[in-house]
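Welcome! Let us walk through this structure together, one piece at a time. Keep the picture open as you read.

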Amino acid sequence: TRIVGHVRYDGTDFQGFQIQGEANGKRTPRTVQGTLVGALRTRFQVPDLKVVGASRTDAGVHAENQTFHFDVPYELAELEKTLRLDGADVAEGLKRASYAVNSMLPDDVRLHDLHLAPAPLYSPRFCTHLPFHAIYSPISKTYEYRFTLQYISNPLHHRFVGQFPFLPRGRSGEVPHRVRTEELLPRLVDL
């Protein structure tokens, strides 16, 4: 049975989304995928559970609603038993499971939801029905970059908002209202 979830995280203290192998005997870096896998394996009692994320992210990158999926080796009836539904439906059971998983996750990672994967869709290209896949099924992805034009940045936003300290400023220190994008983009580095 395939389960789909959405996760949000503050990536500041992570080395990206994807699990990375050990290098030169050093400890495996902390990743979002590794953190999710640990909690999901515990809740769903699947020691070899693997999480497939829609995208990899670099170290320090945050996500608001990243899709992922994982498979559990249960048919629906067994999944209902594992979720201990007590008369509730599977959707409610997965909602409760997401609460349980969130209680096992650190403060910088949260599951938004868990639900059963949609039914396989027919693909004319491959002349078969293909199951939902976090990487290949999405129709679009949105990346958002946030910057401030304020001369003095807000320390509560420093992890999430870039600053343009190099912009031309008037006498009052304010950025002119009409700063053209082509003036900004050549100055952006390391996006």
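## Strand 1 and its two partners

A good place to begin is strand 1, which is joined to strand 4 by seven bridges, the two running antiparallel. Within this pairing, H6 stands opposite D113 of strand 4. Please keep in mind that you are looking at a predicted model.

Strand 1 also pairs with strand 3: seven bridges join them, and they too run antiparallel. Here I3 has F70 of strand 3 as its bridge partner. How many of the eight residues of strand 1 are buried? Six of the eight are, so to speak, tucked away, and strand 1 is mostly covered.

## The four-stranded sheet

Now step back to the sheet that these strands belong to. Four strands form an open sheet in the order 2-3-1-4, with antiparallel pairing. Strand 2, residues 51–53, and strand 4 stand at the edges. Each of these two has a single partner strand, so one side of each is left without a neighbour in the sheet. Neighbouring strands are turned by 30° against each other on average, with direction ignored.

Two helices pack on this sheet. Helix 1 touches strand 1, strand 2, strand 3 and strand 4, and its direction makes about 140° with that of strand 2. Helix 3 touches strand 1 and strand 4, and its direction makes about 160° with that of strand 4.

As general background, the strands of a sheet pair through backbone hydrogen bonds, either parallel or antiparallel.

## A closer look at helix 1

Helix 1 has 13 residues, and its first and last C-alpha atoms are 18 Å apart, close to the 18 Å expected at 1.5 Å a residue. At the N-terminal end, T31 acts as a cap: one of its side-chain oxygens lies 3.1 Å from the backbone nitrogen of G34. The buried residues of helix 1 are V32, Q33, T35, L36, V37, A39, L40, R43 and F44.

What does Q45 do just after helix 1? Q45 takes a positive phi of about 55° there. Most residues other than glycine have a negative phi. Q45 sits in the loop between helix 1 and strand 2, and with a relative accessibility of 47% it counts as partly exposed.

## The largest nonpolar core

Which residues touch the most other members of the largest nonpolar core? They are L36, F44 and F70, out of 28 residues in this core. Two or more core residues come from each of strand 1 (2–9), helix 1 (32–44), strand 3 (63–71), helix 3 (90–104) and strand 4 (109–116). The largest share, six residues, is given by helix 1.

L36 is a nice residue to click on. Leaving aside neighbours within four places in sequence, L36 is in contact with V7, F17, V51, F68, L105, V109 and L111.

## Two buried residues to visit

T67 lies in strand 3. Is T67 buried or exposed? Its relative accessible area is 17%, and buried means under 20%, so T67 counts as buried. The side chain of T67 makes a polar contact of 3.2 Å with the side chain of H6, the residue that stands opposite D113. Not counting residues up to four places away in sequence, T67 touches V4, G5, H6, V52, G53, A54, F132 and A134.

D108 is found in the loop between helix 3 and strand 4. With a relative accessible area of 15%, D108 is buried as well. When residues up to four places away in sequence are not counted, D108 touches R8, Y9, D10, D13, F14 and R30.

## The chain as a whole

Finally, zoom out to the full chain. Its secondary structure comes to four helices and eight strands. Starting at the N terminus, the elements run β-α-β-β-α-α-β-β-β-β-β-α.

Of the 191 residues in the chain, 32% are buried. Among contacts with a separation of 6 or more, 58% are between residues 24 or more positions apart. The contact of L36 with L111 is one that you can look up in the picture yourself.

Methods:
Residues are numbered from 1 along each chain as its sequence is written. This is a predicted model: local features need pLDDT of at least 70, side-chain atom pairs count only at pLDDT 80 or more; totals for chains, interfaces and linings use all residues. Side-chain values use heavy atoms; hydrogens and water are left out. A nonpolar core is a set of buried Ala, Val, Leu, Ile, Met, Phe, Trp, Tyr and Cys residues joined through side-chain atoms within 4.5 Å. Buried means under 20% relative accessible area, exposed over 50%, partly exposed in between (1.4 Å probe, protein chains only). Contact means heavy atoms within 4.5 Å. Two strands pair if DSSP finds at least two bridges between them. Axes are lines fitted to C-alpha atoms, for helices over the stretch in contact, and angles run from 0 to 180 degrees between N-to-C directions. The expected span of a helix is 1.5 Å times one less than its number of residues. A polar contact is a pair of N or O atoms within 3.5 Å; within protein, one must be able to donate a hydrogen and the other to accept it, and residues adjacent in sequence count only if both atoms are side-chain atoms.
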